[in-house]
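Student: Could you take me through one part of this structure slowly, and explain each term as you go?

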Amino acid sequence: MLYSSTRSATGPFVSSAEAIKRGLAPDGGLYMPNEIPTLSDDALDELAGLSYPERAARILGKFLTDYTEEELLSDCREAYGEDRFPGGAAPLSDIDGSTVALELWHGPTCAFKDMALQIMPRLLSRALRKTGELKTALILVATSGDTGKAALEGYRDVPQTKIQVFYPADGVSRVQKLQMATQTGDNVNVTAIRGNFDDAQTGVKKIFSDPAIRDELASRGVILSSANSINWGRLAPQIAYYVSAYCDLVASSRIDPGETVDVTVPTGNFGNIFAAYLAKRMGVPFGRLICASNRNDVLTEFLACGVYDRNRAFHTTMSPSMDILISSNLERLLYVKFSARRCKALMDQLNASGRYALTHEELTAVREDFVGYSADEEMTGEAIKRAYEAGYLCDPHTAVGYAAIRADRNVRDRAKKILLASTASPYKFASNVYRCLTGKEPTNDLFALQELAAFTSTPVPAPLVGIGERAVRFTGTVAPEEMPAKVLAFAGL
Ligand SMILES: *Cc1c(COP(=O)(O)O)cnc(C)c1O
């Protein structure tokens, strides 16, 4: 199977290993496979009898055709084994009579990013070998929290790679900061930036596009690579858990074989929900895909009226991983639904004016699969409470999804089961969850974990236990202008 840019129908075409190594296509588009493989009902039946790592290897094998079955199986067993995902990688948990949570946060950093970032470094490592690349890949990440830690944990001690993470000194939670500052591994570096997330992101983009820095790095045997969700190596592994969830819904008799299920995904970059769409296109009986946004409702507006407009206020919310104005992976949907030519035209408009509009027919085609809702902070807080009263403790991102299901209740067929992607452990956002449940202020961000545990009689997840007592390895804070020097120094080690 070959891959090409969402902005060009005529190639160049590359292997999946090449697409994973490059991240972004040379014309600025995203890599997509030239066809979407299908799963027959028999194939779904057969998957139901397998473990999560085996299911994931089968699904990945349909897309990454230049990797062998043995390679993928071995990588999936390591990435999704009991030591990294105790109790299973993507278990289901009932919230209420019709809503079933697909829990994607049982990995090492307690957020769903682990589902992709545990396997992607292994895929990249193999991609370097498959493409004859002898240089070391230096992964550069700007993070507002979850991605940085998940990438550090995924790339830690992976051969032929190094990882440098930049985060805004005052823009991440205390738990997130400690998670990153205490990161272990010989090939990792973490630096705080004086500024906000945009400053960190802009600094990283500048380094990527600076030929002088690239040449300097190349002379030291280093190429730059990214871990962000535009990389196909991050998207493909996410398809697997949707297929797996459907198998488990059938196997647990929650639904009959072939029964249609709706899916709700708390959305930021449109990566996670696009993976659900691809699972549907492969033949998994998914019905409507409900795109849940927080106050940053650019996607809600897009799905309602076909206009994507990033010229709007940016809101900071208690679901920070969804505080996004440009949902990069939406580009992949435009390509699949329309064409590379149309996708390029829309992306050119977005770059020029921050806005584009679909035609009426195009919007209808998008709305065949998707519907969008947004929840403000009050609705999110209420959803945390309502879910808890129903017996489910959820984090603020997942709560945005639960709020969307409620907003959709008058439209949907209530007999239908609905799968809700549960994207983070509530303990990662303990202060806000505690505040919403009790109406009380936690003593501080760290103590909030104990307070939430005491209030709900649930355990703090193992990766977050004792986070305040671990040795801090990275303390530096630099100005954004100093980022290139940091990268060069780290590359030269
Ligand atoms: C990244 C993230 C999201 C958003 O996922 P996208 O793929 O960007 O749409 C939602 N919830 C949590 C907890 C996240 O970390």
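Tutor: Helices (H or I, at least four residues) and strands (E, at least two) are DSSP runs, numbered from the N terminus. This is a predicted model, in which local features need pLDDT of at least 70 and side-chain atom pairs count only at pLDDT 80 or more, while totals for chains, interfaces and linings use all residues. Residues are numbered from 1 along each chain as its sequence is written, and side-chain values use heavy atoms, with hydrogens and water left out.

The protein chain has 21 helices and 15 strands, and the part to look at closely is helix H4, which runs over residues 69–79. To describe it we need the word buried, which means under 20% relative accessible area, whereas exposed means over 50% and partly exposed lies in between (1.4 Å probe, protein chains only). In H4 the buried residues are Glu71, Leu72, Asp75, Cys76 and Ala79. Seen down the axis of H4, these buried residues fall within an arc of 120 degrees, so they line one face of the helix; the arc is that of the directions from the helix axis to the C-beta atoms. Glu69 and Glu70, on the other side of H4, are exposed. As for what lies over the buried residues of H4, the cover includes helix H3 (52–63) and helix H6 (120–130). For the setting of this helix, buried residues make up 59% of the 493 residues in the protein chain, and the C-alpha trace spans about 60 × 55 × 45 Å along its principal axes.

Technical notes: Contact = heavy atoms within 4.5 Å.
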